[in-house]
Amino acid sequence: NKKTESFEFQAETKSLLDIVARSLYSNSEVFIRELISNANDALEKRRCIELSQEAGTSSDVPYEIRVTTDEAANKIVFEDTGIGMNREELIDLLGTIAKSGSKEFRNQNIDSQTAESIIGQFGVGFYSAFMVADKIVLKTKKQDSVGYTWLWNGSSAYEIAENEETTVGTRIEIYLKPGDAAEFSRRQKVIDIINKYSYFVTVPIILNGDRVNTLNAIWTMNTNEVTQEMHETFFKQLAKTHHPTLVDDRPQYIIHYKADAPIHLRSLLYIPAHKVSQLEFTAEAADSGISLYARRVLIKAHAKELLPRYLRFLVGVVDSEDIPLNLSREMLQNDLVIIKLRRILTDKVISYLLNQMKKDRIKYLEFYQGYSAFFKEGVLLEQDQTIKEEISKMLLFESSNFKPGVYTSLSEYVERMQKDQKNIYYLFAPSRNLAETSPYFELFKKKNWEVLFITDPADEMVLLFMLQFQLKNIESVENWLKNEGVETVEHEKELTRDTNKKEFLTWVKSNLGSVKVNDIKPSSQASDHPFIITVAAEPGVARHLMRLGQIKD
Ligand code: ADP
Ligand code: MG
């Protein structure tokens, strides 16, 4: 029998291991993710080295990760045909907290494409196994070295002994603690966990003989390499693991965006084709559709910190290797990297949609009709003035310049404004027909000033709230009439010399005035309407509130 040596862990003792593991990982199931990531890294290192060697030296050993569950023995085993570890590495890497052989390897092979696929960098992943294990047996062999067995059985020390192993790679047997941890010896439980966290690692994962992961992490690929079919399959997989309500859906817009500076970012965002009501999304309020990955490994599903709430209808993946290790919880919201990512993604989504609006108005309109409520919410809630103005560019309105069913954006409206026109004008009416026959509109028609026709109270709210767009005031036609429609007032004296009209005016004022009428003005002689009766001092807001009141009554 070979000699067995005993070692103390470098950084304090077992209890520290436990504390480290528990403070880093909110959820013990992530040990499966961590051990698979390590196996992936070991395989990618082997690939990297074989690629850099003379042709013909690469072995026929398949690149794969084997996971085996054994419910009877309450254990789970991870095997890889990766690079393996020699004695020094076992001591140095597994025995020292926060020492990452993978990070070093990547730094030494910075030019290699393959090194890109290596996940590890913090040197603490392996310790997650201490949350669930009461014994770990690790056997490993490196090319040109003898094999070693590394054994830990719950104490503050571990043992290393040579073994007879001849195949290169690493095998880790996790003897699970009784109780909660026992579920990790159940096949179905482990499939679910692999699907959730590790589905997109680059190497095949075989669980009890069957392949689990069959799709590529297409968000890391070049945009032009990803086909429509790949997008649809990927969307289905995302829906299956994170968004059950979307399984029968498909994407209508695809935003595939990559950047290396100022932050490393690979993102793939989808807008589902089916119109999803705002309420449905509100019901799933906590559920953002975005999953946060670091190097193809899931860090957090439903990462609502990555986009503003009004963009919660987007579904997809954001991958950044720059996200810090301990972001699994409260830290996420205030983390600088996350704040930057959120700004970049928000800008990207909005500029993408504005571009689509220019490129294919028919498709955009169809999309807009399903999702416009989210943008109105955005205009009302976004704190950043620049972003707010960008969102308002996505809004569409009917206008007096076009026939019903044709829409204009505010930017387009501004481009068409007349020389003598200062503001952006809108008219709210229960229907398009009433808007066009309104005496207010008549005045604008004469001036040849375009008026936005608003029939949706939500649109009116948004315009009232915005006040300005591109430094132009947004004003209701009623308001304009009250403040600047001076011509009509000048006419007033003249017209009220007509005794019939004067009498009528007095009659209307005394009979209706006490109830709701705010003001009555004779309109200009040429008008089809002899009088204009305004019913509230602050027309838009008040009428809106009155209407809400009516609904309640
Ligand atoms: P990280 O993966 O962030 O580097 P870990 O604690 O998960 O940190 O692993 C520490 C180191 O141990 C790795 O960097 C790697 O060098 C080594 N290691 C872990 N698992 C394996 C394995 N299955 N095969 C080869 N080396 C491994
Ligand atoms: Mg690791």
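Me: A helix here is a DSSP run of type H or I with at least four residues, and helices are numbered from the N terminus. In this predicted model, which helices each supply at least two residues of the shell around ligand 1?

Reply: Three runs of that kind do so: helix H2 (30-52), helix H3 (87-94) and helix H4 (101-108). H2 gives the largest share of the shell, five residues. In the protein chain as a whole there are 19 helices and 22 strands.

Me: What makes a residue part of the surroundings of ligand 1, and which residues come nearest?

Reply: The criterion is a C-beta atom within 6 Å of the ligand. Around ligand 1 there are 24 residues, of which Ala42, Ser100, Gly101, Gly120 and Gly125 come nearest. Sorted by class, the shell holds nine nonpolar, 11 polar and four charged residues; Gly is counted as polar in this scheme.

Me: Why is H10 called roughly parallel to H15?

Reply: Helix H10 (residues 361-381) packs against helix H15 (residues 457-466) at an angle of about 25 degrees, their axes being 10 Å apart. Angles under 35 degrees count as roughly parallel, and therefore H10 is roughly parallel to H15. The crossing of H10 past H15 is left-handed.

Me: How do you know which residues of H10 and H15 meet?

Reply: Two residues are in contact if their C-beta atoms lie within 7 Å. Ala373, Lys376, Val379 and Leu380 of H10 thereby meet Ala458, Val462, Phe465 and Met466 of H15. By class, this contact comprises seven nonpolar, no polar and one charged residues.

Me: Why is Asp144 assigned its class, buried or exposed?

Reply: Asp144 has 7 other C-beta atoms within 10 Å. A count of 12 or fewer defines an exposed residue, so Asp144 is exposed. Asp144 lies in the loop between strand E4 (133-141) and strand E5 (147-152). Its phi is near 65 degrees, a positive value in a residue other than glycine.

Me: What makes Arg296 buried or exposed?

Reply: Within 10 Å of Arg296 there are 23 other C-beta atoms. The threshold for a buried residue is 20 or more, so Arg296 is buried. Arg296 is placed in the loop between strand E12 (289-294) and strand E13 (297-300), and although Arg296 is not a glycine, its phi is positive, about 70 degrees. In the protein chain, buried residues make up 36% of the 553 residues.

Me: Why does Lys139 count as partly exposed?

Reply: Lys139 has 19 C-beta neighbours inside 10 Å. The buried class requires 20 or more and the exposed class 12 or fewer; Lys139 therefore falls in between and counts as partly exposed. Lys139 belongs to strand E4. Leaving aside neighbours within four places in sequence, Lys139 is in contact with Gly147, Thr149, Asn163, Glu165 and Arg171. From Tyr25, Lys139 is 114 residues apart in sequence and 25 Å apart in space, C-alpha to C-alpha.

Me: What is the value of omega for the peptide bond that joins Ala261 and Pro262?

Reply: Omega is about 0 degrees, and the bond is a cis peptide bond. Pro262 is placed in the loop between strand E10 (251-259) and strand E11 (265-272).

Me: Among contacts between residues at least 6 apart in sequence, what percentage join residues at least 24 apart?

Reply: In the protein chain the share is 67%.

Key. Residues are numbered from 1 along each chain as its sequence is written. Chains are lettered from A and ligands numbered from 1 in the order in which they are written. This is a predicted model: local features need pLDDT of at least 70, side-chain atom pairs count only at pLDDT 80 or more; totals for chains, interfaces and linings use all residues. Axes are lines fitted to C-alpha atoms, for helices over the stretch in contact, and angles run from 0 to 180 degrees between N-to-C directions. Angles under 35 degrees count as roughly parallel, over 145 as roughly antiparallel, 65 to 115 as roughly perpendicular and the rest as oblique. A crossing is left-handed if the near helix is turned anticlockwise from the far one by less than a right angle, and right-handed if clockwise.
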